[in-house]
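I opened a fresh page for this one and kept the entries short. Here is what I looked up, in the order I found it handy.

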Amino acid sequence: MSQDELKNLTIHEARKMLDSRKISSKELTNIFLERIQKVDQSTNAYITVTTEFALQQADIADEKIRIGEQKPLTGIPMQLKDNMSTAGIKTTCASKMLENYIPSYNCTVADRLFSEGAILLGKGNLDEFAMGSSTENSYYASTANPWDLKRVPGGSSGGPAAAVSADECLFSLGSDTGGSIRQPAAFCGVVGMKPTYGVVSRFGLIAFASSLDQIGPITKNVQDSAIVLNAISGYDPKDSTSIKNVSQDYISNLKSNISGMKLGVPKEYFPDGMEEGVKKSVFQAIEQFKKLGVEIKEVSLPHTDYALAVYYIIAPSEAAANLARYDGVKYGFSSKGDLEDIFDDIETTRQGGFGDEVKRRIMIGTYALSAGYYDAYYLKAQKIRTIIREEFNEVFKNVDALITPTSPTVAFKLGEVIDPLQMYLNDVFTQPANIAGLPSISIPCGISEGLPVGVQLMSSPMNDGVVLNLANAFEQSTDWHDLKPEIFI
Amino acid sequence: MGLSLDQVKKIAKLSRIKMTDEQLKNMRIELENIFNHIDVIQKADTEKIEPTGHSVNLDSVFRNDVVEKSAPVKEALKNAPKQEDDFFTVRKII
């Protein structure tokens, strides 16, 4: 397969080739393994490549296809972000703490994808414990943006977004706590979807902030996103926050006629000082939706300004609790040397095992939850969360979905953003969807300074199909998603 | 808001993270900057507003208390940094 054919290959196209026996899953898997070998030294999109396991799975997939028992993802090579537990395969969370950790069970999404016959090529790089917006917080290596290797791919799912962009897999799964699927998808010119909270099981996803975390697909186009969401969504008794009766078929419901739908433009998402190129591309996208017969309405979400602060109380507070399990006793990195007692041991283990950003977030959360500050920070943030959620509910009475930029900027340079607070501001447009549990997608909508721009669509909870339909119609009427980084062509 | 070095030491202790004096000093500045931003929430009027813990309304999930087979000991211990016989090993607690 030529480089040109590979870059145009989608899950949908690969399915046709596999079913018509133009290619076997083993051949396809080998093509991707070779591609990884060729480009991953430049991108660092993978932490672990599972060559042997992938080829074994490909043999099984080929047999299923031979006897006509294939499903939509049988034989399709994929990557999983390295915070999703895979039995017998290292799952590091890009942390020194879990450098040698080998789970004994699969997360539910891996189980579902494996039972469909999808092929695991390896595990994707991320910011340590998914905390970051640039993948520079990985203990192993920073991932580079395939569009410009001197720039970040975004984060925390920078590995998955870069891998899809550089054709190192046909799709990947990311996790999104405050924008970690959508912002890297925007930076790398691919499609990233965060489903409604509870639509995809979190069982076996190594927890960051449990009330915000959600797994979703990173793909080359919207149709592929729907194919993957079909495979991974649905009730899971192992996740007590999993929503029952999710039985939507996102593929057969995928429409391209969106005429008559209403799209809201929240003015708070277009602040002064926003990057001109981003603003221009998003306004062009709004014009495109008008051409497709969509009614555009200006709306207001006055508490948007509080979302970032609310997020940086709730997420670190939940993280401080979730990450308390890393004590160097049951698994993971453990301190060595002459230590006084178990507390000295735990403190030294956490000193050596966690990176700076993880320590920072644990400490923000610990402080926000500590005696005397709980009401002023954690409880107050939870109350504003109610207001933000209600504001969205109110707006969704009048519009089907909202349209905003995914990120205020295009991909920035590696090492350019050093101040933690400046880094946090990257997720200002994506965090509200996590706070309110909304389905949200980022799709390519333009180029600025030679780099991709993403536009974000959000709808009310359980309207994942609405978001996919709008994105699909936009995508079919534009060709932004076909643009690929030139360095690899 | 102002954050003293002693407060940061206390937070580190509560977080069970050992830090050098230099690290504590840097963390104090970073946390102070972050909380200066976060403090914007104090301006919001939240009188009579109920807190939201989860974005979806969830009922408590119950299941029957049935004994199931647990993971084999070897499997459970396989990732443990220190172990002896069938146990995790820890340093002295009391």
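**Contacts and overall build**

I began with the contact map of chain A: among contacts with a separation of 6 or more, 77% join residues 24 or more positions apart. A reminder to myself: this is a predicted model, and everything below is computed from it.

Next I looked up burial, and buried residues make up 60% of the 489 residues in chain A. I then tallied the secondary structure of chain A, which comes to 16 helices and eleven strands. The radius of gyration of chain A is 21 Å, close to the 23 Å from the globule rule for 489 residues, so chain A is as compact as a globular protein of that length. The C-alpha trace of chain A spans about 65 × 55 × 45 Å along its principal axes.

**The sheet**

How are the strands of chain A ordered in the open sheet? I read off β1-β3-β2-β4-β6-β5-β10-β11-β9-β7-β8, eleven strands with mixed pairing. At the edges sit β1 (46-49) and β8 (295-299) of chain A, each pairing on one side only. From one strand to the next, the twist averages 30°.

I followed the β8 end inwards. Strands β7(A) and β8(A) run parallel and are joined by five bridges; here A:Pro266 stands opposite A:Val299 in β8(A). Strand β7 (residues 262-266) of chain A also runs parallel to β9(A), with two bridges between them. In that pairing I found A:Gly264 opposite A:Leu402 in β9(A).

On to β9(A) and its pairing with strand β11 (residues 451-459) of chain A: these two run antiparallel and share five bridges. A:Pro405 stands opposite A:Val455 in β11(A). Is strand β9 (residues 401-405) of chain A mostly covered or mostly open? It is mostly covered, as five of its five residues are buried.

**Helices across the sheet**

I checked two helices that lie against these strands. Helix α8 (residues 222-232) of chain A lies across β4 (171-176), β5 (191-194), β6 (214-219) and β10 (440-448) of chain A, and runs at about 145° to β6(A). Helix α16 (residues 464-476) of chain A lies across β9, β10 and β11 of chain A, at about 20° to β10(A).

**The nonpolar core**

Which residues have the most contacts inside the largest nonpolar core? My list reads A:Met78, A:Val310, A:Tyr312, A:Ile313 and A:Ala401, in a core of 152 residues. Helix α10 (residues 304-322) of chain A supplies the largest share of this core, twelve residues.

I looked up the surroundings of A:Met78 too. Leaving out residues up to four places away in sequence, A:Met78 touches, among others, A:Leu113, A:Ile119, A:Leu121, A:Cys169 and A:Phe171.

**Where chain A meets chain B**

Last stop, the interface: 52 residues of chain A are in contact with 40 residues of chain B. On the chain A side, α10, α11 (342-353), α12 (356-369), α13 (375-395) and α14 (420-424) each supply at least two residues. Helix α13(A) gives the most, with ten residues. By class, I noted 27 nonpolar, 14 polar and eleven charged residues on the side of chain A that touches chain B.

One link to keep for later: helix α10 of chain A gives the largest share of the core and also supplies residues to the side that touches chain B.

How values were computed. Residues are numbered from 1 along each chain as its sequence is written. Chains are lettered from A and ligands numbered from 1 in the order in which they are written. This is a predicted model: local features need pLDDT of at least 70, side-chain atom pairs count only at pLDDT 80 or more; totals for chains, interfaces and linings use all residues. A residue is buried if 20 or more other C-beta atoms lie within 10 Å of its own, exposed if 12 or fewer, and partly exposed in between; C-beta atoms are placed from the backbone. Helices (H or I, at least four residues) and strands (E, at least two) are DSSP runs, numbered from the N terminus. Two strands pair if DSSP finds at least two bridges between them. A nonpolar core is a set of buried Ala, Val, Leu, Ile, Met, Phe, Trp, Tyr and Cys residues joined through C-beta atoms within 7 Å. Two residues are in contact if their C-beta atoms, placed from the backbone, lie within 7 Å. Ala, Val, Leu, Ile, Met, Phe, Trp, Tyr, Cys and Pro count as nonpolar, Asp, Glu, Lys and Arg as charged, and the others, Gly among them, as polar. The radius of gyration is taken over C-alpha atoms; the globule rule is 2.2 Å times the number of residues to the power 0.38. Axes are lines fitted to C-alpha atoms, for helices over the stretch in contact, and angles run from 0 to 180 degrees between N-to-C directions.
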